[in-house]
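This report describes selected features of one protein chain, with attention to strand pairing, aromatic rings and individual side chains. The sequence and coordinates follow.

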Amino acid sequence: MALFQIFLISILNSCMAQDEDIMTPVLNIYSELKELKASLDGVTTDLNAAKNELEEQKSLIQDLQKQIKESPRVAFTASMSATESTSRGPFSTETKLIFDKVLTNVGNAYNPVTGVFTAPVKGVYYFRYSGSAFASHDMGLSIFKGTARFVSSYEYNSGERNDQMSNGAVMELDVGEEVHVRLWVRCWIFVDQRYNYSTFTGYLLYPQDSASV
């Protein structure tokens with residue numbers, strides 16, 4: 001009888017050991033699935049955040065595209081016309097140059113009759129001039145904002161055959177403010193028939209509303 005009891009106890013212990021071996025992997029799978037779910041929840045949260053950010057960026061791009069489309073277009077380049085290559089100047093007084101040969105005039109804000117650019121909108125603009133002349137005389141040029149000299153260039157009679165100069169400036173202009181180029185006293189500038197060496201250029205960088213600083 002004792003031997004039989006020992007045999008039964010041995011069998012029971014063996015079965016319990018097998019049950020533990022069987023349950024252990026199941027418990028591990030549940031734990032891993034729980035961790036995987038938490039990880040997926042985190043990925044989902046990140047994807048939703050990225051989606052929201054993408055929507056914001058898309059909205060911003062659409063707003064910028066609308067602003068660009070609705071923004072006024074202002075740009076010009078003009079040279080000086082001549083039936084033959086010649087020079088303007090020298091003059092006894094500072095003289096406004098008339099760049100009457102229009103190469104580009106988007107928005108028609110530049111007047112080739114007066115040589116004056118008039119700002120059609122409040123904004124930030126860029127202007128530039130170039131000048132060419134023979135070196136037997138001095139050459140001096142200035143951009144004027146209204147009646148005030150803004151930037152200038154000067155080339156002394158150096159004895160070289162040809163002189164070249166240029167300068168540019170960024171300006172804040174209100175509607176109606178004017179910009180033009182003047183030739184200095186006792187200076188000259190070359191006007192060619194074909195190559196447009198001496199030019200006056202300007203364009204709107206971006207408009208400003210009345211609240212802009």
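Does Tyr110 count as buried or exposed? Tyr110 has a relative accessibility of 3% and therefore counts as buried, the cut-off being under 20%. The model is a predicted one, and the values below are computed from it.

**Aromatic rings**

The structure contains 14 aromatic pairs. In one of them, the ring centres of Phe76 and Tyr110 are 4.7 Å apart with an angle of 5 degrees between the planes, so this pair is stacked. Phe76 lies in strand β1 and Tyr110 in strand β5 (residues 110-111), and the pair thus links distant parts of the chain, with 34 residues of separation. Phe76, like Tyr110, is assigned to the buried class: its relative accessibility is 2%. A stacked pair is also formed by Tyr125 and Phe127, because their planes meet at 20 degrees with the centres 6.1 Å apart. Both Tyr125 and Phe127 are buried. A pair of aromatic rings is described by the distance of the centres and the angle of the planes, and the table lists these two values.

| Ring pair | Centre distance | Plane angle |
|---|---|---|
| Phe76 and Tyr110 | 4.7 Å | 5 degrees |
| Tyr125 and Phe127 | 6.1 Å | 20 degrees |

These residues belong to a cluster linked by ring pairs, whose members are Phe76, Phe99, Tyr110, Phe117, Tyr125, Phe127 and Phe200.

**Nonpolar core**

The largest nonpolar core has 31 residues, and Phe117 and Phe127 are the ones that touch the most other members. Two or more residues of this core come from each of β1 (75-79), β7, β8 (139-145), β10 (162-173), β11 (178-183), β12 (189-191) and β13 (199-207). With neighbours within four places in sequence left aside, the contacts of Phe127 include Phe76, Phe117 and Phe200. Among the other contacts of Phe127 are Ile143, Met171, Leu173 and Val179, together with the glycines Gly168 and Gly202.

**Open sheet**

An open sheet is built from 5 strands in the order β4-β1-β13-β7-β10, with antiparallel pairing. Its edge strands, β4 (101-106) and β10, each pair on one side only. On average, neighbouring strands of this sheet are turned by 10 degrees against each other, direction ignored. The antiparallel pairing of β1 with β4 runs over 5 bridges, and Lys101 in β4 is the bridge partner of Ser79.

**Ser130 in β7**

Strand β7 spans residues 123-134 and includes Ser130. Is Ser130 buried or exposed? Ser130 counts as buried because its relative accessibility is 18%, and the cut-off for that class is under 20%. The Ser130 side chain makes a polar contact of 2.7 Å with the side chain of Thr199. The same Ser130 side chain also reaches the backbone oxygen of Tyr197, at 3.0 Å. Apart from neighbours within four places in sequence, Ser130 is in contact with Leu141, Met165, Ser166, Tyr197, Ser198 and Thr199.

**Strand β8 and its partners**

How many residues of β8 are buried? Of the 7 residues in β8, 6 are buried, and the strand is mostly covered. β8 pairs with strand β9 (residues 148-155) in the antiparallel sense over 7 bridges. In this pairing, Leu141 stands opposite Ser153 of β9. β8 and β9 form a hairpin with 2 residues between them, and Gly146 in the turn has a positive phi of about 65 degrees. β8 also pairs with β11, again in the antiparallel sense, over 5 bridges. Here Ser142 stands opposite Arg182 of β11.

**Loop residues with positive phi**

Arg186 is a residue other than glycine with a positive phi, near 55 degrees. Arg186 is placed in the loop between β11 and β12. With a relative accessible area of 61%, Arg186 is exposed, because that class begins over 50%. Asn196, also a residue other than glycine, has a positive phi near 55 degrees. The loop that holds Asn196 lies between β12 and β13.

Technical notes: Residues numbered from 1 in each chain as written. Predicted model: local features only at pLDDT ≥ 70, side-chain atom pairs only at ≥ 80, totals over all residues. Heavy atoms only, no water. Helix = DSSP H or I, 4+ residues; strand = E, 2+ residues; numbered from the N terminus. Buried < 20%, exposed > 50% of the residue type's maximum accessible area, 1.4 Å probe, protein only. Polar contact = N/O pair within 3.5 Å; in protein donor to acceptor, adjacent residues only side chain to side chain. Contact = heavy atoms within 4.5 Å. Core = buried A, V, L, I, M, F, W, Y, C linked by side-chain atoms within 4.5 Å. Pairing = 2+ DSSP bridges. Axes fitted to C-alpha atoms, helices over the stretch in contact; angles between N-to-C directions. Phe/Tyr/Trp six-rings, centres within 6.5 Å; stacked < 30°, edge-to-face > 60°.
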